[in-house]
Amino acid sequence: MWGEALLVVAAGLVVGLAVAFHWFGWTSIPGNACGGRFSPCPDGTTPTILLAFLCTFAGTLLVNWRVAELTRVRPGKALPAVLVVTGILLALWPGWQAYAWMRGPVLDRAWVAPVDRPGTVRGVGNWPVDSTVVRARTDGLTSYDLADGHERWSLDAPVRGSACAMSDTVVDGVGVIAFGREDEPCDTVWGVDITSGRKLWERKIKGGAGFEPPTDGRLAADSGVAVALEDTAVRGFTLRAGVPRWKLDLGKECSPVVASAAAARTRVVVQCMSGSKFRSLELVSLDTSTGTHVRRTALPAESRWEAAMVLSARPFVLWLKEKDDRGTDAVLAFGDQDRLRGSVKVSGREEDLRMTVDTEQGFDARPALRAAVAGDVLVTAVTKPGEAVPGAVSGYRLGSGQRLWHTGTDGPVTALTRLPGNRLAILAGGRIGSLDPRTGHLAEGPLIREGTDDVAEAAQLVPGRHGDWLLVNPDGTGITPPLLRVSN
């Protein structure tokens with residue numbers, strides 16, 4: 001009899017596995033629908049559901065068979081029912097473990113920050129700092145706690161002013177941001193204490209004409225100095241007090257385009273005109289502490305600039321695009337003496353580099369790039385000719401411009417960010433992987449199971465603690481939240 005009873009429990013185990021696989025398999029599907037490159041299902045979803053049906057049929061047959069055999073030895077309905085339920089309960093934990101193994105790691109929505117109000121604002125850039133993220137909107141700054149998403153502090157923009165530029169980094173706890181009014185220059189510069197949200201100083205500069213929308217690289221911070229670009233000059237202020245420290249006049253009809261500061265050196269792209277005629281495009285190097293002019297280096301351009309963006313301050317790497325369709329449109333890498341070491345064409349025979357998002361919904365004052373520089377390697381999202389959505393990443397050696405590797409992803413590349421240990425994190429197809437920039441080896445990481453719909457195309461990926469991640473969106477007015485934290 002005891003042998004027959006154990007066989008009934010074993011049959012109940014199979015039914016329990018069916019129950020577990022049905023429950024875990026169907027409930028693992030985000031939003032009750034998944035599939036394809038844009039909304040992948042968690043790994044193991046299909047095998048789990050197939051096993052659920054297999055165990056359902058097998059368990060039903062086994063239970064009927066073994067219960068019939070047991071009732072021949074010991075008639076009654078209570079004992080078989082208890083034995084079957086015992087088997088089902090005993091199977092739930094092993095079923096969960098088997099499902100978790102087949103599914104692989106996943107990330108679910110831990111919290112989302114409240115939507116931006118009023119609905120007329122949008123994000124222009126971010127400063128990830130320790131346990132917080134400071135998000136710049138057109139109407140000011142807001143600091144969020146990474147632990148729970150609660151607001152730590154907020155700082156309003158000047159009356160009728162909108163954020164139009166910000167430093168790419170926070171230095172010694174101070175961030176630099178500029179504001180401008182509608183159709184007026186971006187000429188009001190603030191130094192902000194990132195810990196408290198207190199405005200440390202405010203200065204007016206002469207400039208920003210033609211840069212009314214939020215733009216990249218108009219401000220920089222390094223070596224105790226805040227660097228600001230004026231119409232025809234570069235200004236330096238003490239970082240914590242905002243005291244004017246130096247000013248470098250660039251000359252008549254010469255205007256700064258974009259600046260970057262690191263390792264006590266400030267580099268500024270300068271365009272000079274003769275009336276309406278293009279004269280030159282140069283890279284000007286300054287000593288950040290004193291503003292002393294170090295050198296001027298001619299850039300490979302024969303027409304006005306159309307796009308200029310610093311991809312890395314050290315080593316200095318610049319994306320430059322001319323107005324001339326046949327002119328330079330490439331990533332340029334420079335050595336310590338500002339000598340051009342190499343270049344990578346944005347559009348080549350094999351693929352096109354997709355470093356930025358081609359929409360108006362991205363961050364402008366501090367872009368969240370789909371590109372990163374690791375050592376002497378440029379890693380960027382790419383598309384094949386004729387494609388619009390990047391489904392791969394490539395690595396190029398900056399010194400030679402040679403493509404080192406090409407790695408396909410399981411879906412569209414959304415974000416790329418630096419990690420400790422000379423690795424990169426990549427968000428593609430709703431999955432966060434770890435990329436080796438030297439070899440292009442992509443280690444598959446967890447899938448964002450709940451929260452993928454809350455991630456914008458131009459989101460910034462910020463590593464958290466204990467395997468958690470933070471996604472910061474430019475548009476946080478309702479379609480996507482300003483911030484989303486996902487955890488396992």
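How many helices and strands does the secondary structure of the chain come to? In this predicted model, the chain contains 3 helices and 34 strands. Along the principal axes, the C-alpha atoms occupy a box of roughly 105 × 50 × 35 Å. The chain has 488 residues, and 55% of them are buried.

The largest pocket was examined next. Its space amounts to about 1100 Å³, and 44 residues line it. Nearest the centre of the largest pocket lie Asp168, Thr169, Arg366, Arg418 and Gln460. Seven named strands are relevant to this lining, each giving two or more residues: S2 (123-129), S10 (219-222), S14 (254-262), S18 (305-312), S23 (371-374), S27 (413-419) and S32 (460-463). Of these elements, S14 gives the most, with 5 residues. When the lining of the largest pocket is divided by class, 29 residues are nonpolar, 9 are polar and 6 are charged.

Enclosed space was also considered. The count comes to 1 cavity of 30 Å³ or more, and the largest cavity holds about 40 Å³ of space. Its lining is formed by Ala165, Ala178, Cys186, Ile205, Arg218, Leu219 and Leu229. By class, this lining consists of 6 nonpolar residues and 1 charged residue, with no polar residues.

On the surface, a nonpolar patch is formed by Val19, Val85, Leu89 and Leu92. Together these residues have about 330 Å² of accessible area. Helix H3, which spans residues 78-103, supplies the largest share of the nonpolar patch, with 3 residues. Leu89 is placed in helix H3. This residue counts as exposed because its relative accessibility is 55%, and the term requires a value over 50%.

Two cis peptide bonds may be described together with the loops that hold their prolines. The bond from Arg117 to Pro118 is cis, with omega near 0 degrees. Pro118 belongs to the loop between strand S1 (106-112) and S2, and strand S2 is among the elements that give two or more residues to the lining of the largest pocket. The peptide bond from Arg314 to Pro315 is likewise cis, its omega being near 0 degrees. Pro315 lies in the loop that runs between S18 and strand S19 (317-322). Strand S18 is also among the elements giving two or more residues to the pocket lining.

Positive phi values in residues other than glycine were found at Ser223 and at Glu253. For Ser223, phi is near 55 degrees. Ser223 is located in the loop between S10 and strand S11 (225-229). Ser223 counts as partly exposed because its relative accessibility is 32%, a value that falls between the limits of 20% and 50%. For Glu253, phi is near 65 degrees. The loop that holds Glu253 runs between strand S13 (244-249) and S14, and S14 is the strand that gives the most residues to the lining of the largest pocket. With a relative accessible area of 36%, Glu253 is therefore partly exposed as well.

Note on methods:
Residues numbered from 1 in each chain as written. Predicted model: local features only at pLDDT ≥ 70, side-chain atom pairs only at ≥ 80, totals over all residues. Heavy atoms only, no water. 1 Å grid on protein atoms, 1.4 Å probe; cavity = no way out; pocket = protein on both sides within 12 Å on 5 of 7 lines; lining within 4 Å. Points joined across faces, edges and corners; volume = space filled by probe spheres on them. Nonpolar A, V, L, I, M, F, W, Y, C, P; charged D, E, K, R; others polar. Helix = DSSP H or I, 4+ residues; strand = E, 2+ residues; numbered from the N terminus. Patch = residues over 30% accessible without salt bridge, like charges linked within 9 Å, V, L, I, M, F, W, Y side chains within 5 Å. Areas by Shrake-Rupley, 256 points an atom, 1.4 Å probe, with all protein chains shown as cover. Salt bridge = Lys/Arg side-chain N within 4 Å of Asp/Glu carboxyl O. Buried < 20%, exposed > 50% of the residue type's maximum accessible area, 1.4 Å probe, protein only.
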